[in-house]
Amino acid sequence: MGSVEGGKLRFCIDRGGTFTDVYAEFPGRSEGRVMKLLSVDPANYDDAPVEGIRRILEEFTGEKIPRSSKVPTNKIEWVRMGTTVATNALLERKGERIALCVTRGFRDLLRIGNQARPNIFDLTVSKPSNLYEEIVEIDERVELVIDEANVSDSSDSIVQGVSGQLVRVVKPLNEEALRPLLKGLLNKGISCLAVVLMHSYTYPNHETSFAKLAMSMGFKQVSLSSALTPMVRAVPRGFTACVDAYLTPVIKEYLRGFISKFDEGTGELNVLFMQSDGGLAPESRFSGHKAVLSGPAGGVVGYSQTLFGIETNKPLIGFDMGGTSTDVSRYAGSYEHVIETQISGAIIQAPQLEINTVAAGGGSKLKFQFGAFKVGPESVAAHPGPVCYRKGGELAVTDANLILGYVIPDYFPSIFGPSEDRPLDVNATKTEFEKLAKQINIYRRNQDPAAKDMTVEEIAQGFINVANETMCRPIRQLTEMKGHETKNHALACFGGAGPQHACAIARSLGMKEVLIHRFCGILSAYGMGMADVVEEEQGPYSAVYGPESVLEASNREAALLNRVKRKLQLQGFQEENIRTETYLNLRYEGTDTAIMVRRPIDDGGSKGDYAFEFTRLFQQEYGFKLENRNIMICDVRVRGIGVTNILKPQALPPGSGTAKSVAQYKVYFGNGWHNTPLFKLEDLACGCVISGPAIIMNGNSTVIVEPSCKAVITKYGNIKIEIESIHKVVEVSKEVADVVQLSIFNHRFMGIAEQMGRTLQRTSISTNIKERLDFSCALFGPDAGLVANAPHVPVHLGAMSSTVKWQMKYWGEEGISQLLLFPSTEQSGHKIPGTRRLQDNLSDLHAQIAANQRGISLIKELIEQYGLETVQSYMNHVQVNAEGAVREMLKSVAAKVSDSAKVEGDSLIIEEEDSMDDGSVIHLKLTIDQKRGEAFFDFSGTSPEVYGNWNAPEAVTAAAVIYCLRCLVDVDIPLNQGCLAPVKIYIPPGSFLSPSDKAAVVGGNVLTSQRITDVVLTAFQACACSQGCMNNLTFGDDTFGYYETIGGGCGAGPGWDGTSGVQCHMTNTRMTDPEIFEQRYPVLLHRFGLRENSGGAGIHRGGDGIVREIEFRRPVVVSILSERRVHAPRGLKGGKDGARGANYLVTKDKCKVYLGGKNTVEVQAGEILQILTPGGGGWGGSN
């Protein structure tokens, strides 16, 4: 493993949430020492990493080291450590008390964020809490100069920003005005600040001046957004500053405590910590925003540096399956980084390894709901844990593996029971599965009297199959969404539970090779010793890519390179041990998708062209390239790497190649029990070949080698499993839905719709699709019935199916083909109208074609695997399954609303109505058959077609109803046509919910759909009315157009307050970041915040609306299309109404003009549009 200096030990440590793994190298030994401890065990020790080092030092020296004394460092060469201290503090909200300091007018910037809600079917709109507890609005402002050609050189207020852009300092920082505000924070005990000022990425002067003032007054931590991540976009930059201010003091406190446990006999302890980007950093450089993936990053380093190019030349998929979640990553010769990620509601903008996490692990709960197997996302957690842990837990994936023989109690620590000395409880697990089997088999016999009872083993196998499919989805997305074929990879498997599932996962993905490192159970710790020390620097630079800008970018690179080299040299690295990488963040003009492009270096060491590499990467990932469009430089980034070359793989001595088992166990492999030999990895020599079925015990990790697979022990003692590759059509029941396959098909169908959505988002040009996500993708059956709809925009849910059915009926297959072939010729009989940006529209159409092509490809794969007839059968089965869930929901809802309903036999009748702002009425008579679980939505009494544009096609009402039903089903069911099967909808012809062909309907989607939703949810007594509007704003001229929808207040419910400043119900599009908004369009955003106290009062308050003030910097035409400006969002059960919205124009002479709810106006430069969105209704009469 490399030489160990002077008889000293090396320690690699991963402090996880549950366990701390320690790998130590002893001088003179080829084998390292492995130790596993509980991360938290206060009865025995204060700190697990220190305890691990102490125990191993005692073992090595033979000398007792009392816990009360400091650990000697004279026998320690170095310590490398990853820790979840930051991650846990973020997840559990146990960081430092902080205040957010932000430009005046933007106090709620991070609370609103991008205004999208995390789960579109969650009426409570639960969002993670804020990290900050106080806000300081700083009265300062800089603005970008948009007309640089007409700028006077004599203007003192105009300066060049670090990005090269000119900025005007409108309001300088007033330090004296800030002193009392900061003093007030200190008096409250807050000594840590997060600072984000508008456009500080290019003009950081105000932030740095503020930091100097704050530090001089006694603040201990001031995190500046401009210093942490100098990139345009205020929201992610602000979140990053908050995360850093919130976590850095916690980390520093932990590190100080850790280091204080060691003596100082030989100087400072040589200790480095793993960062989220896969590089190491000394304690002084280890900060909060770079620490949240510290532990998982070690695993990526571990598998990539020990397997790629050593055990295989295939690109690798990292598969790290733990107790509550599974992490997947990819490595193909270099680390794949992302610049932005979201963890626990906080956006972090910093280079991080691309690690996708899915909520499926050994502790994922197993459930049988509505005729289908469900695995997760809920976890049984470490306590009480699975049933077999003897703590009264619930069935989990670990229990299923135990039933099948994939977990061997004889080789699992006996740490359970009151005395913590009992083995896993197989009998308890079997008893619980038997109970579940009765429930499942009763259901199956009700569906099919001839159905054969499923055994406990078949049920356990079914749950494992569903769990495997759940974990396959993020792997497909990680690879195929970037243009890589999943089947061309090898699966690098590690973590406690991963090797039990490896063969099945690889086979499902079409992979032929699985690699399991001999330290797979502690690979995150082992990876710490293989990582390099990394320093990064980045700066903004805004320019069109060309000879002059490339030269300037090179000059900026050189300056940044000098800085990172200097930092590494100060840490002891010589020039020959320093490698550097340079990047430009590039995008096409007019798009918002940038790619961080590493400068290519050819075999001769010559530097390649960034633009050529950008075009190649763009085409690889998105499937096309944009012709005749400028490439824009956004940022310059350099990465300095201090090469450590510390741990080296050690080859095993040659062996006989003969494998001897130590025991036999019965293991279930889908088609029955198999007598399966068990081998210990330490007994196996290089070259041993083991044919499946087999079990290989690798420490505490169980490696399952499935039948027809073959395991080989490699030169370095790792396990390589060759996967059988036999193509065969999977036989499943077609007439009656198989309860296991039903869940798998649900996953596959939804996965197809999601991948179509990602393809469309990636390949589109327009901001509406790519950034605001104003689109939906869906899969339909042969009858045009909705099979799966990726959860994008709710108003599209029912409408897509209605649209597809109408097209098939109106055009027929031949007519549709003709229209697609000849869209603008006389052959189609229709002319295509003109458009402002034809090339962008054509590009978006190409993106839609690419999304459909992706769907076609994926559905073909499914047909190849199962056969056309089976796939079409399950398209129907998943709809029947959703129908059953809605019927059960209607029965349960009937019981809840019976007090306020009229009863006629088995039916409950509720009538509700609400008015549009013009007085048009939406009337609903809802009849629920509580015995059959059916509902009749009768909209008789609704007003006639209106002379306006808020008429709504019938599909909009269907979309609103299907959305409401899905929200009321408190279970994660697929959203498809089956949701409407127990439902009848009657809409009177000629009403504004079923208008004539000539009626204007543009407002139906965005306004009327929201009012229908309010009426339906009020009828069900589910929650008070939300803002009831999408607040559609458009503006532009002959050269550009901009469109946005603005969030508001959500209605409160029986157990929750309404959420403020968020998209409600039928939309979930995102808001353009304020800095991007001002950079791309001729506007100044003066205010973007919550409209305080606009939510209705009650036991539970309604959510507040939003205030948005936009100044236009040149003449444009502005259109506003909004509702709830006359009739307020109503409260429920005695709750008060939310505030009505309002739209104003403040003219250049300061005259404030009310615009009404719907208007189009020509606006002059300097005029300000004020939009106040409605609040949500309150719930329950307040005392």
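A residue counts as buried here when its relative accessible area is under 20%. With that cut-off in hand, E513 is a handy place to start in this predicted model. Its relative accessible area comes out at 11%, so E513 is buried. The residue sits in strand β22, which covers residues 513-516. What does the side chain of E513 make a polar contact with? The partner is the side chain of T312, at 3.2 Å. T312 also turns up in the wider set of contacts of E513, once neighbours within four places in sequence are left aside. That set is made up of E311, T312, K314, A490, L491, K720, I721 and I723.

Next comes a parallel sheet. Four strands make it up, in the order β6-β5-β10-β11, and the sheet is open. β6 (134-138) and β11 (221-224) each have a single partner strand, so these two are the edges and one side of each has no neighbour in the sheet. Going from one strand to the next, the twist averages 20°. Strands of a sheet pair through backbone hydrogen bonds, in either a parallel or an antiparallel arrangement.

Within this sheet, β10 (residues 192-196) is worth a closer look. On one side, β10 pairs with β5 in the parallel sense over five bridges, and A99 stands opposite L193 of β10. β10 is also joined to β11 by four bridges, again with the strands running parallel. Two of the residue pairings between β10 and β11 can be picked out: C192 has Q221 as its bridge partner, and V195 stands opposite L224.

How many residues of β10 are buried? The count is five of five, so to speak a mostly covered strand. In a regular strand the side chains alternate between the two faces of the sheet. In β10, C192, A194 and V196 point one way, while L193 and V195 point the other way. The residues of both groups are buried.

Two helices lie across this sheet. Helix α5 (residues 205-216) lies across β5 (98-103), β6, β10 and β11, and runs at about 175° to β11. Helix α7 (residues 234-260) lies across β5, β10 and β11, with an angle of about 165° to β10.

α7 rewards a bit of arithmetic. At 1.5 Å a residue, its 27 residues should span 39 Å, and the end C-alpha atoms are 38 Å apart, which agrees. Even so, α7 has a kink of about 30° at L247, and the proline P249 follows shortly after. Is α7 enclosed or left open by the rest of the structure? Of its 27 residues, 22 are buried, so α7 is largely enclosed.

Helix α9 (residues 397-404) tells a similar story on burial. Eight of its eight residues are buried, so the rest of the structure largely encloses this helix too. The residues in question are V397, T398, D399, A400, N401, L402, I403 and L404. G405 follows α9, and its phi is positive, near 85°.

Further along the chain there is a second open sheet, this time with mixed pairing. Its five strands come in the order β36-β37-β38-β39-β40. β36 (902-904) and β40 (983-986) are the edge strands, and each pairs on one side only. The twist averages 20° from one strand to the next. β36 and β37 (residues 907-915) run antiparallel and are joined by three bridges. In this pair, E904 stands opposite S907 of β37. Helix α21 (residues 954-968) packs on the sheet, where it touches β39 (934-938) and β40, and its direction makes about 145° with that of β40.

The last residue to consider is V886, found in helix α20 (residues 868-897). V886 has a relative accessibility of 0% and therefore counts as buried. Which residues is V886 in contact with, leaving aside its neighbours within four places in sequence? They are L965, V969, C979 and P982. V886 and G933 are 47 residues apart in sequence, yet their C-alpha atoms are 7.7 Å apart in space.

Methods:
Residues are numbered from 1 along each chain as its sequence is written. This is a predicted model: local features need pLDDT of at least 70, side-chain atom pairs count only at pLDDT 80 or more; totals for chains, interfaces and linings use all residues. Side-chain values use heavy atoms; hydrogens and water are left out. Two strands pair if DSSP finds at least two bridges between them. Axes are lines fitted to C-alpha atoms, for helices over the stretch in contact, and angles run from 0 to 180 degrees between N-to-C directions. Contact means heavy atoms within 4.5 Å. Buried means under 20% relative accessible area, exposed over 50%, partly exposed in between (1.4 Å probe, protein chains only). A polar contact is a pair of N or O atoms within 3.5 Å; within protein, one must be able to donate a hydrogen and the other to accept it, and residues adjacent in sequence count only if both atoms are side-chain atoms. The expected span of a helix is 1.5 Å times one less than its number of residues. The bend at a residue is the angle between axes fitted to the seven residues ending there and the seven starting there.
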